[in-house]
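Trainee: I have a model open and would love a guided close look at one part of it. Could you walk me through a helix pair and then show me around a little?

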Amino acid sequence: MASNNNLAVLEALDTARTQWYHIKAIVIAGMGFFTDAYDLFCITTVSKLLGRLYYYDPAHSDRPGKLPHYVNNLVTGVALFGTLSGQLVFGWLGDKLGRKKVYGITLILMVICAICSGLSFGSTADSVIGTLCFFRFWLGFGIGGDYPLSATIMSEYANKKTRGAFIAAVFAMQGVGIIFAGLVSMILSAIFRKRYPAPSFKADAIFSTQPEADFLWRIVLMFGALPALLTYYWRMKMPETGRYTALIEGNAKQAAADMGRVLDIELDAEGEKLSQFKAANQFPLLSHEFYMRHGRHLFGTMSTWFLLDIAFYSQNLTQKDVFPAMGLTRKAPDINAIEEVYETSRAMFIVALLGTFPGYWFTVLFIEKIGRFIIQLVGFLMMSIFMLLLGIKYDYLRDENKLLFVVLYVLTFFFANFGPNSTTFVLPAELFPTRLRSTCHALSAASGKAGAVIGAFVVQSYTLDENVGKIKRAIMVLAFTNLLGFCFTFLVPETKGRSLEEISGEDGGAQNETQMAARRSATIKGSGRLEVI
């Protein structure tokens, strides 16, 4: 039940027509996610190269060097620990200090740590990998801050009719980042391959690993600093969101001035109404009031994101191990080091272009028509079905029908992104009150990254040896986690077409409904019959 006593600044934001500044905000916030995805997933294209360069053992001359399991998991997964930590810290700071004040810090961290990741030097293999992991942790820390801040800023700028599409569009830049992770690695490795030809590992175990390849992986990692650097100036020019300025800082006049400056709307400050608005929404996160209003929603967003990321990051981080079985790359002994990077990058680019990228933008197109709830529900269900088929028929698909293998694999990515990978990002930005929105999104996102850590350190260990039995078990377990995500989706409500204050109850709607329910209950107990109030 929505209240008619909404603030004019909030009403104006909810009903404002789509303007150039909305598009500009999508690009500014979205470039952060482009960088996030590039930095998190480009490591997949070069991790096998690191094994050839630093872990070749002449005693095992029948196979190229390979990262030990714990090193591989650490290299590909340490950024996820940083992301989880960054989400919690910056999410909390976003509510305490303001969205804008901490928004630029995340980009500075990403730029510095992406460059330093490529400058990871040392006298031994362990020192190089140790330095790389140190900087990738802090890179992840900066990336983590972008999740709650970008989602919250976009949700608070957008109007209620297009809010879901705008937030999803910001997140869809992750798909573009994944494509560029494959594309940049593919282009650079193609240049290096032409410039520094070498025999296959079978032909010459030593000279199949070009010394120049040590520059290749460093350039790939450092490229992630470029889009973040280009975005920094425009982020610093963005004003604080009108909702934060009005509802948290209590400055309706400044909120009206800021929003009137960037959006084509005229606003009046409303001091008295603002005081009433703030007074009704002072409860902290750890309170009975929050538990009664939003406890179920927070558990729903945290659990679904956790279950989704176990599968989603397992798929992305283990692509390099599944590609040979799909026929998209040749076996390691049949190619040289740079060729392996090229073929892995090309396969990653193809899968992202056909499955990952379209899924994100299908969500942008249909989220306001179908709704968040249905998209998430169907996405989880379809992922479960396709993964179950992949797990059960893995031997047949690998040996006799590689085309069907590729199709099913691509479809799991498509429905992950035209499904829960997008909606789990959108919903926490809409369900919670302004005072706690960034923190609750951070808790949900951090829960997701906890699932991603399980994918990186547990599920990935089942695919590294290319053992068919282990891979089949891993895929079927992922199908089950998706089915659990389907079930937990019923804990979150549909938010389509409603204002943020109506959804969160900040406008008094949720409080009024609670009071009416209590009065109905008291009437039933007192008289033994239900009276309409």
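In which crossing, left-handed or right-handed, does H15 pass H17?

Mentor: Happy to take you through it. Please keep in mind that this is a predicted model. The crossing you ask about is left-handed, with H15 passing H17. To place the pair on your screen, look for residues 372-392, which form helix H15, and residues 402-417, which form helix H17. Two packed helices are described by the angle between their axes and by the distance between those axes. Here the angle is about 160°, and the axes lie 8 Å apart. Angles over 145 degrees count as roughly antiparallel, so H15 is roughly antiparallel to H17.

Now for the side of each helix that faces its partner. From H15, the residues that meet H17 are Gly379, Met382, Met383, Phe386, Met387, Leu389 and Leu390. On the H17 side, their partners include Phe405, Leu408, Tyr409 and Leu411, and also Thr412, Phe415 and Ala416.

From there, let's move along the chain to helix H20, residues 437-459. Its 23 residues reach 32 Å from the first C-alpha to the last, close to the 33 Å expected at 1.5 Å a residue. H20 is mostly covered, with 18 of its 23 residues buried. Ser447 is found in this helix, and its relative accessibility is 14%, so Ser447 counts as buried, the cut-off being under 20%. Leaving aside residues up to four places away in sequence, Ser447 touches Met302, Ser303 and Phe306.

Another buried position worth a click is Ile167, in helix H6, which covers residues 163-195. Ile167 counts as buried because its relative accessibility is 0%. Try drawing a line from Ile167 to Val426: they are 259 residues apart in sequence, yet 6.0 Å apart in space, C-alpha to C-alpha. Val426 is also among the residues that Ile167 touches, along with Phe425, Ala429 and Glu430. Ala151, Met154 and Ser155 are contacts of Ile167 too, again not counting residues up to four places away in sequence.

Since you work at the bench, let's end with the cysteines. Cys42 counts as buried because its relative accessibility is 1%. Cys440 has a relative accessibility of 0%, so Cys440 is buried as well. As for disulfides, a search of the whole structure finds zero.

Notes. Residues are numbered from 1 along each chain as its sequence is written. This is a predicted model: local features need pLDDT of at least 70, side-chain atom pairs count only at pLDDT 80 or more; totals for chains, interfaces and linings use all residues. Side-chain values use heavy atoms; hydrogens and water are left out. Helices (H or I, at least four residues) and strands (E, at least two) are DSSP runs, numbered from the N terminus. Buried means under 20% relative accessible area, exposed over 50%, partly exposed in between (1.4 Å probe, protein chains only). Contact means heavy atoms within 4.5 Å. The expected span of a helix is 1.5 Å times one less than its number of residues. A disulfide is a pair of cysteine sulfur atoms within 2.5 Å. Axes are lines fitted to C-alpha atoms, for helices over the stretch in contact, and angles run from 0 to 180 degrees between N-to-C directions. Angles under 35 degrees count as roughly parallel, over 145 as roughly antiparallel, 65 to 115 as roughly perpendicular and the rest as oblique. A crossing is left-handed if the near helix is turned anticlockwise from the far one by less than a right angle, and right-handed if clockwise.
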